[in-house]
Amino acid sequence: MRSFLAICLCVPFLLLAACDAPDTKSQITFSHILSEQSEWHTGAAKWKELVEEAFPGEFAIRLVTRASLSNNNQRTELEMVQAGTLTASWESSILLTYSDPRWTVWSMPWLFDSYETAESLCTSELGQEMLDSLEPFGLVGLAYGFNGFRHVTNNRRPVSTLDEIKNLKIRVPSLQMFISLYRLWGADPSQMNFGDLIVALREGTMDGQENPLHVIRSSGVYELQKHITLWHYAFDPIIFCMNKTKWDQFNPAQQDGLRQAAQEAAAVQRRTVVENEAEHRVFLEAQGVQITEPSPEAILQFRQASQPIYEEYKALIGADLLTRFTTAANWTTPPHP
């Protein structure tokens with residue numbers, strides 16, 4: 001009788017202890033600025049899938065879209081990852097220039113001639129050096145995805161020559177190099193958070209903007225722009241970033257697994273961007289967007305006009321790093337007539 005009574009008295013305390021027991025899963029919140037329909041999300045979702053397969057029950061991964069926990073602001077999102085408020089994110093190389101201006105090198109005009117060339121550099125020793133350089137800023141870089149080649153859109157006229165881009169009010173990312181570049185071309189560039197772009201286009205305070213095709217589509221920019229200039233003038237990768245303090249809490253086996261999953265997911269994401277380019281173009285044209293492709297002669301004129309950027313930003317990037325990138329990308333100085 002005493003044994004039965006003891007059990008009855010103990011059961012409530014055992015149940016209470018079980019309810020109060022902490023969740024042993026490691027919590028990971030992964031954020032990005034785009035929607036669930038974006039190719040950024042394809043990579044994030046693949047990473048979650050791979051991690052949960054490799055470590056059943058060890059991680060609780062939450063995917064956050066449209067940077068909703070950082071007020072739809074990419075810079076705030078990055079700062080939250082650095083602070084540990086968010087665990088991980090896809091961050092454009094452009095955003096990483098806030099921490100280290102040398103990351104400007106990825107966006108230099110017409111540096112890369114193809115996705116194959118860009119991927120080769122991303123997966124090279126030089127690419128890994130760039131990832132390693134993030135650790136002093138509270139970040140661990142695990143892999144490269146593609147944001148992709150950037151194209152300019154506007155709501156006023158087709159743009160295929162230097163004369164046609166003059167005086168257009170173009171929203172550019174928060175990287176001073178783009179301001180310098182568009183001013184060289186005679187345009188009127190302005191910087192603003194991507195989250196504010198749609199409002200600016202709708203209200204007409206901006207004539208246009210520039211982004212990869214998948215962003216133009218998934219963000220709905222195409223609904224507010226009549227013209228796209230398809231010219232692959234700049235490239236930027238997205239980097240799988242994780243808070244370093246959180247990373248250091250994982251054991252070596254977990255770190256190896258998380259890194260391998262990130263690299264596999266990033267490879268899927270890169271392939272998805274490349275494979276979908278043609279379909280994005282078909283979709284955008286079907287929506288009535290006019291696509292203009294400048295002639296090789298016109299591109300050469302743009303490249304020649306852009307050449308001073310390489311000299312202007314050599315000191316910021318570092319002459320040695322810029323040379324290593326231009327060599328790896330087989331970049332050549334455009335000839336002058």
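A cavity, as I use the word here, is a set of grid points where a 1.4 Å probe fits but cannot get out. The model I looked at is a predicted one.

**Entry 1: enclosed space**

I looked for cavities of 30 Å³ or more and the count came to one. I noted a volume of about 30 Å³ for the largest cavity. I then listed its lining: Pro109, Arg303, Ser306, Gln307, Tyr310, Trp331 and Pro334. Sorted by class, I have four nonpolar, two polar and one charged residues around the largest cavity.

**Entry 2: the largest pocket**

I turned to open space next. I read about 320 Å³ for the largest pocket. I found 19 residues lining the largest pocket, with Trp110, Phe112, Asp113, Ser114 and His232 the closest to its centre. I checked which elements give two or more residues to this lining, and they are α5 (115–122), β8 (227–243) and α13 (296–306). I noted that β8 has the largest share of the lining, at three residues. By class, I wrote down 11 nonpolar, four polar and four charged residues for the largest pocket.

**Entry 3: the second largest pocket**

I read a volume of about 260 Å³ for the second largest pocket. I found that 20 residues line the second largest pocket, and that Gln74, Leu95, Arg171, Pro173 and Phe194 lie nearest its centre. I traced at least two lining residues each to α3, α4 (93–96) and β4 (139–154). I recorded 10 nonpolar, seven polar and three charged residues in the lining of the second largest pocket.

**Entry 4: nonpolar cores**

I looked up the largest nonpolar core and found 58 residues in it, with Trp106, Tyr182 and Trp231 having the most contacts inside the core. I saw that β8 gives the most to this core, namely six residues. I noted another core that lies apart from it, with 45 residues, including Leu50, Val51, Ala67 and Phe283.

I then took Trp231 by itself. Setting aside neighbours within four places in sequence, I listed contacts of Trp231 with Trp110, Arg150, His151, Val152, Ile165, Tyr182, Trp185, Pro294, Ile299 and Phe302. Among these contacts is Tyr182, which I had already noted with Trp231 for its contacts inside the largest core. Trp110 is also on the list for Trp231, and I had met Trp110 among the residues closest to the centre of the largest pocket.

**Entry 5: salt bridges**

I counted 15 salt bridges. I looked at three pairs and one network.

I found the side chains of Lys48 and Glu52 joined in a salt bridge at 2.9 Å, N to O. Both residues sit in helix α2 (residues 39–54), and because they are four residues apart, about one helical turn separates them. I noted Lys48 as partly exposed, with a relative accessible area of 22%, and Glu52 as partly exposed at 34%.

I found a second pair in Asp100 and Arg102, at 2.7 Å, N to O. Asp100 is buried, with a relative accessible area of 6%, whereas Arg102 is partly exposed at 33%.

I took Arg281 and Glu293 as a third pair, at 2.9 Å, N to O. This pair links distant parts of the chain, with Arg281 in helix α12 (residues 252–286) and Glu293 in the loop between β9 (290–292) and α13, 12 residues apart. I have Arg281 as partly exposed at 25% relative accessibility, and Glu293 as partly exposed at 49%.

I also noted that Arg150, Glu210 and Asp236 are linked in a network of salt bridges. Arg150 had come up before as a contact of Trp231.

**Entry 6: the loop between β2 and α3**

I went through this loop residue by residue. I placed Thr65 in the loop between β2 and α3. Thr65 counts as buried because its relative accessible area is 17%, and the cut-off for buried is under 20%. Leaving out residues up to four places away in sequence, I listed contacts of Thr65 with His32, Leu34, Ser35, Glu36 and His41.

I found Asn71 in the loop between β2 (59–64) and α3 (74–83). Phi of Asn71 is near 60°, a positive value. I noted Asn71 as exposed, with a relative accessible area of 69%.

I placed Asn72 in the loop between β2 and α3 as well. Phi of Asn72 is near 60° and positive, and Asn72 is partly exposed at 27%. I flagged these phi values because most residues other than glycine have a negative phi.

Notes:
Residues are numbered from 1 along each chain as its sequence is written. This is a predicted model: local features need pLDDT of at least 70, side-chain atom pairs count only at pLDDT 80 or more; totals for chains, interfaces and linings use all residues. Side-chain values use heavy atoms; hydrogens and water are left out. Buried means under 20% relative accessible area, exposed over 50%, partly exposed in between (1.4 Å probe, protein chains only). Contact means heavy atoms within 4.5 Å. On a 1 Å grid over the protein atoms alone, a cavity is a set of points where a 1.4 Å probe fits but cannot get out, and a pocket is an open set with protein on both sides within 12 Å along at least five of seven lines; lining residues have an atom within 4 Å of a point. Grid points are joined across faces, edges and corners, and a volume is the space filled by probe spheres set on the points. Ala, Val, Leu, Ile, Met, Phe, Trp, Tyr, Cys and Pro count as nonpolar, Asp, Glu, Lys and Arg as charged, and the others, Gly among them, as polar. A nonpolar core is a set of buried Ala, Val, Leu, Ile, Met, Phe, Trp, Tyr and Cys residues joined through side-chain atoms within 4.5 Å. A salt bridge is a side-chain nitrogen of Lys or Arg within 4 Å of a carboxyl oxygen of Asp or Glu.
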